[in-house]
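Work through the exercises below with the structure open beside you. Try each task before reading its solution.

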Amino acid sequence: MSRYFKAKIISNLPLNSKNNLFTIKPLEPVIDPEPGQFYMIEPVNSYDPLLKRPFSFFRRTPEGIQFLYTIKGRGTSLMSKLEKGQVISLIGPLGNGYPKPEDGYIPLLVAGGIGIASLSPLAEALTKKTYVFYGARSKDELLILDELKELTDKLFICTDDGSMGEKGMVVDILNDFLTFHFSLLTSYVIYACGPQPMLEALSKIALEKKIKGYVSVEENMACGVGACQGCVVKVGSQKKKHSKLRTPNFELVFKRVCKEGPVFPIEEIVW
Amino acid sequence: MDLSVNIGHLKLKNPVMTASGTFGYGEEYSEFIDLNMLGAVVVKGISLKPMEGNPPPRICETPCGMLNAIGLQNVGLKKFLKEKLPYLRRFDIKVIVNILGNNTNEYIRLSKSLDDTGVDGIELNVSCPNVKKGGIMFGTDKKALARLISKVRQSVQRAVLITKLSPNVSSIQEFSKVAEDSGSDAVSLINTIQGMAIDIETRKPKLANITGGLSGPAIKPIAIRMVWEASKAVKIPIIGMGGIMNAEDAIEFMLAGATAVAVGTANFTNPRATIEIIEGIEAYIRKKGMNSPQEITKGLGAT
């Protein structure tokens, strides 16, 4: 089984004006993905645009693999024009998925926008009591709500414009929840995927309240397999060398989103 | 069919190698292809001390290509010898190590250590556009380049010595000649071409480093022209590269005068690109009734 394979497009279904559900059927046996892993997908079989793009895997179905994506730039716009029956090449599953929650921890899944694509398979895989916090710009950008209601014990919805759920940012909704449930803080573990400002705000809260967690991050990617070193993020890691200083001595390094990520411990990323 | 070619005294089983910086240390691609099938693996540039590289964003896509400013992030010589080289040694494969120093002394120390451990080739990186010190300051100054190669030459006994030339010069012929006259066994060209892209919404450069190196099909015609010019100026073998995506591109480079080719950015879009190119070159040789890759090289119908 190779992680580089060809697949036939089963459907490329618009869910609203900006988001599509993309279903492919691999033409050869493939490796099963874990929640949080991703695939490099070519938006068009040409040299322009040249590179494949990373997409979180959304769902494994009996007939194939599904992705949810937002039409944002030139690549995804071309991708939205791909038709049923066309054959494309992919690389995946790649990267490290979300680690399973330890015993006794309650998972809090926090999704911003299309970040739900990465967290939905995790919600599906978790057998424990799960809370999902899901925010989007407006009502019509909230995806797969019916499925989510079934998968979770409690679903908190919010929109920037207040057209559905609470009006506000998903991080604020989470913060209110945590403030209200302060006695249980140490028994939560956060899993988050969304825009960078959201993840940054979330990290601050998690650090303040000393809650464990994981974030799935994005960067421009070329190879997806760890070779080009293009997709790094800055991380802080404690120096192993013996230090005379009492305060922890941090050294900044870069880690590859494609290889060491895309899921990182929440305290590791330097925003 | 015997597809072997010679780069100086180094015999490669076929003319296809990987371009430095696009193939990691080999490990990253071993699950996609049989590394034993490659002519050679050219590993990511190595410096004496580990380098952390440039801040992100480090890459951005451009029409038919990409800009990168990785800044030579690498594990450093010590870790390379301890962890990365032993892995590659498990394969029946020629290993060429791309090296980068801040000064002549560092190039000498690197090349001596690597030569002593028995690597098959040393590629002098004098053309990386993305680091401030070292590298390109040698690659764009003929006198400095001549001095550097002559010194390194003295410390390299076994390995084949290759100089990777910068396209960011006015005359590739002159620099190729300097490499040959100073004792380089071969030249490889081209490294990336300096470029820049701006996000008009944020009004910021798309790369944190502001400028980067352009690679991919966009630069292929420039690379072909430079290989052709260099081939008229020197007798030492040329390793041609710059936007090779398939066998047809590789053959074009060989017709322009390259003895061997290196596949770079194509690895990112197709991890099996190198193998498909080897197969395509063999098919072309058969189709044209030729007997060896050497017949393609310098088979250009131009005077």
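A polar contact is a pair of N or O atoms within 3.5 Å; within protein, one atom must be able to donate a hydrogen and the other to accept it. The model used here is predicted.

**Exercise 1. Place E28(B) and find what its side chain meets.**

Step 1. Locate the residue. E28(B) sits in the loop between strand 3 (16–18) and strand 4 (41–46) of chain B.

Step 2. Judge its exposure. The cut-off for buried is under 20% relative accessible area. E28(B) has 11% relative accessibility, so E28(B) counts as buried.

Step 3. Look within chain B. A polar atom of the E28(B) side chain lies 3.1 Å from the backbone nitrogen of Y25(B).

Step 4. List the contacts, leaving aside neighbours within four places in sequence. E28(B) is in contact with V225(A), G226(A), A227(A), R256(A) and F23(B).

Step 5. Pick out the charged partner. R256(A) and E28(B) form a salt bridge, with the closest N and O atoms 3.9 Å apart.

**Exercise 2. Describe the contact of chain A and chain B.**

Step 1. Count the residues. Chain A gives 27 residues and chain B gives 34 residues.

Step 2. Take the area. The two chains bury about 2600 Å² between them, and 61% of it is on carbon and sulfur atoms. Y47(A), L50(A) and F254(A) supply 25% of the area that chain A buries against chain B, more than any other three residues.

Step 3. Count the links. The rule finds three salt bridges across the interface of chain A and chain B. Nine residue pairs are in polar contact between the chains, both residues being at pLDDT 80 or more.

Step 4. Name the elements on the chain A side. Strand 14 (232–238) and strand 15 (250–256) of chain A each give two or more residues to the side that touches chain B. Strand 15 of chain A gives the most, with three residues.

Step 5. Sort that side by type. It has 16 nonpolar, five polar and six charged residues.

**Exercise 3. Which residues does C228(A) touch, not counting residues up to four places away in sequence?**

Step 1. Find the loop. C228(A) lies between strand 13 (212–216) and strand 14 of chain A.

Step 2. Check exposure. C228(A) is at 6% relative accessibility and so counts as buried.

Step 3. Read off the contacts. C228(A) touches A222(A), C223(A), G21(B), I70(B) and F268(B).

Step 4. Relate it to the salt bridge of Exercise 1. C228(A) and R256(A) are 28 residues apart in sequence, and their C-alpha atoms are 9.3 Å apart in space.

**Exercise 4. Classify two aromatic pairs of chain A.**

Step 1. Know what to read. A pair of aromatic rings is described by the distance of the centres and the angle of the planes.

Step 2. Set the scene. The whole structure holds 17 aromatic pairs over all chains.

Step 3. Take Y131(A) and F156(A). Their ring centres are 6.4 Å apart and their planes stand at 80 degrees, so this pair is edge-to-face. Y131(A) is in strand 9 (residues 131–136) and F156(A) in strand 10 (residues 154–159) of chain A, so the pair ties together parts 25 residues apart in sequence. Both Y131(A) and F156(A) are buried.

Step 4. Take F177(A) and Y188(A). This pair is tilted, at 5.7 Å centre to centre and 55 degrees between the planes. F177(A) is in helix 4 (residues 170–180) and Y188(A) in strand 12 (residues 188–193) of chain A, 11 residues apart. F177(A) is buried at 7% relative accessibility, and Y188(A) is buried at 1%.

Step 5. Join the pairs. Y131(A), F133(A), F156(A), F177(A) and Y188(A) form one aromatic cluster.

Key:
Residues numbered from 1 in each chain as written. Chains lettered and ligands numbered in written order. Predicted model: local features only at pLDDT ≥ 70, side-chain atom pairs only at ≥ 80, totals over all residues. Heavy atoms only, no water. Contact = heavy atoms within 4.5 Å. Buried area = accessible area lost by both parts, 1.4 Å probe. Salt bridge = Lys/Arg side-chain N within 4 Å of Asp/Glu carboxyl O. Helix = DSSP H or I, 4+ residues; strand = E, 2+ residues; numbered from the N terminus. Nonpolar A, V, L, I, M, F, W, Y, C, P; charged D, E, K, R; others polar. Phe/Tyr/Trp six-rings, centres within 6.5 Å; stacked < 30°, edge-to-face > 60°. Buried < 20%, exposed > 50% of the residue type's maximum accessible area, 1.4 Å probe, protein only.
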